Amino acid sequence: MAHDTATSVSGPVTRPHIRSFVLRQGRVSNAQRRAVETLLPRFGIAYAPALLDLDAAFGRPAPKILEIGFGMGETTAQIALAHAQNDYLGIEVHTPGVGSLLRLIEAHALANVRIIQHDAVEVLSHMIAPESLSAIHVFFPDPWPKKRHHKRRLIQPPLVRLLASLLLPRGYLHLATDWEDYALQMLEVLSAESQLVNSAQGFAARPAYRPLTKFETRGLKLGHRVWDLIFSRNAAGQRGKHL
Ligand SMILES: C[S@@+](CC[C@H](N)C(=O)[O-])C[C@H]1O[C@@H](n2cnc3c(N)ncnc32)[C@H](O)[C@@H]1O
């Protein structure tokens with residue numbers, strides 16, 4: 001098992017790093033492969049265990065929003081297109097998804113998206129400076145439904161402490177899931193984190209900036225529920241606002 005060092009506000013913590021994903025040999029289409037070959041050098045940022053200068057990476061000072069596990073990137077691209085004033089750093093491990101988002105970046109001429117293809121936990125632990133992000137999005141993280149796999153779930157106290165420490169005062173952490181017991185776990189873990197304040201009473205209404213995915217629309221028609229959680233970084237007793 002790999003070991004990882006994460007920095008939290010209360011000092012460095014060393015903990016076992018159980019991966020939240022399993023890399024499968026997913027099919028990469030020719031178009032996705034081409035996109036990775038030609039566009040990743042332009043829009044990708046290589047993983048390195050050193051702090052990243054976010055403004056330099058995007059070529060401008062602008063609010064920075066980080067997304068963990070963007071999947072095929074449809075939501076990321078839609079949000080980035082609708083908010084040209086913000087910069088979006090997407091982290092994903094799977095090559096088909098990286099290729100797919102790169103194709104969307106090209107199709108929509110998006111100048112405000114960058115990608116790191118690497119384990120988000122390592123990226124967050126080593127590359128992102130404290131209090132540097134306006135927001136963090138984690139939409140439909142893998143639910144790992146079997147009890148013996150729950151340890152692989154991303155949203156656990158040490159990672160949430162780290163995520164909160166990377167947010168600017170008034171920055172927000174937005175999670176969404178369609179898995180009820182994970183939603184309840186998220187609510188418990190976020191509510192227990194002293195750096196965060198819930199923006200709602202319990203679960204939040206889906207804000208207009210988060211588009212409905214095809215998968216979500218289909219699920220909602222079948223009566224499935226989706227839970228959003230939006231917590232703000234609480235600094236100096238301030239109650240945060242969303243962007
Ligand atoms: C269930 S999918 C959801 C994708 C997308 N957010 C959506 O709403 O459709 C979860 C994604 O998170 C990615 N993922 C899981 N753990 C990750 C990690 N530690 N670092 C980067 N990506 C991760 C997986 O590869 C997968 O694509």
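Select Arg153 and everything in contact with it in this predicted model. Setting aside neighbours within four places in sequence, Arg153 has contacts with Pro143, Trp144, Pro145, Trp179, Asp181, Tyr182 and Gln185. As for where you are in the fold, Arg153 is in the loop between β6 and α6. Is Arg153 buried or exposed? Arg153 has a relative accessible area of 2%, so it counts as buried. Now show the side chains of Arg153 and Gln185: a polar contact of 2.8 Å joins them.

Stay in that loop and click on Trp144, one of the contacts of Arg153. Trp144 also sits between β6 and α6. Check its backbone torsions, as Trp144 has a positive phi of about 40° without being a glycine. Its relative accessibility is 13%, which means that Trp144 is buried, the cut-off being under 20%.

**Into the sheet**

Next, switch to cartoon and pick out the strands. How many strands form the open sheet? There are 7, in the order β5-β4-β3-β6-β7-β9-β8, and the pairing is mixed. β5 and β8 (196-198) are the edge strands, each pairing on one side only. If you look along the sheet, the twist from one strand to the next averages 20°.

Colour β6, residues 133-139. This strand is mostly covered, with 7 of its 7 residues buried. On one side, β6 pairs with β3 (residues 64-68) in the parallel sense over 3 bridges; to find the register, look for Leu66, whose bridge partner in β6 is Ile136. β6 also pairs with β7, again in the parallel sense, over 6 bridges, and there Val138 has Leu175 of β7 as its bridge partner. Follow the chain from β6 through α6 to β7 and you trace a right-handed β-α-β crossover.

While β7 is selected, stop at Arg170, which is in that strand. Here is another torsion to check: Arg170 has a positive phi of about 75° although it is not a glycine. With 38% relative accessibility, Arg170 counts as partly exposed.

Then add helix α7, residues 180-191. α7 lies across β7 (167-177), β8 and β9 (227-233), and it runs at about 15° to β9.

**Out to the β5 edge**

Move to β4 (residues 87-91) and β5, which run parallel and are joined by 4 bridges. Ile91 is the residue to highlight on β4: its bridge partner in β5 is Ile116. Between these strands the chain passes through helix α4 (residues 95-107), and this β-α-β crossover is right-handed.

Now show the side chains of β5, residues 113-116. Which residues point which way? Val113 and Ile115 point one way, Arg114 and Ile116 the other, and all of them are buried. That pattern has a general background: in a regular strand, side chains alternate between the two faces of the sheet.

**The nonpolar cores**

Time for a surface or sphere view. The largest nonpolar core has 37 residues. Select Leu66, Leu89, Leu124, Ile128, Leu173 and Leu190, which have the most contacts inside it. Helix α6 (residues 157-166) gives the most to this core, with 6 residues.

Zoom in on Leu89 and list its contacts, leaving out residues up to four places away in sequence. You should get Ile45, Leu52, Leu54, Phe58, Ile65, Leu66, Glu67, Arg114, Ile115, Ile116 and Ile128. Apart from the largest core lies another, of 24 residues, with Ile105, Ile115, Ala204 and Ile230 among them. More broadly, nonpolar side chains tend to be buried together in soluble globular proteins.

**Last stop: helix α1**

Select α1, residues 30-43, and find Leu40 in it. Not counting residues up to four places away in sequence, Leu40 touches Ala35, Val98, Leu102, Ile115 and Gln117. For a sense of scale, run a C-alpha to C-alpha distance from Leu40 to His149: they are 109 residues apart in sequence and 32 Å apart in space.

Arg42 is in α1 too. What is its relative accessible area? It is 59%, so Arg42 counts as exposed. Finish with one more distance: Arg42 and His126 are 84 residues apart along the chain, and their C-alpha atoms are separated by 22 Å.

Methods. Residues numbered from 1 in each chain as written. Predicted model: local features only at pLDDT ≥ 70, side-chain atom pairs only at ≥ 80, totals over all residues. Heavy atoms only, no water. Buried < 20%, exposed > 50% of the residue type's maximum accessible area, 1.4 Å probe, protein only. Helix = DSSP H or I, 4+ residues; strand = E, 2+ residues; numbered from the N terminus. Pairing = 2+ DSSP bridges. Right-handed = clockwise from strand over helix to strand, strands pointing away. Core = buried A, V, L, I, M, F, W, Y, C linked by side-chain atoms within 4.5 Å. Contact = heavy atoms within 4.5 Å. Axes fitted to C-alpha atoms, helices over the stretch in contact; angles between N-to-C directions. Polar contact = N/O pair within 3.5 Å; in protein donor to acceptor, adjacent residues only side chain to side chain.
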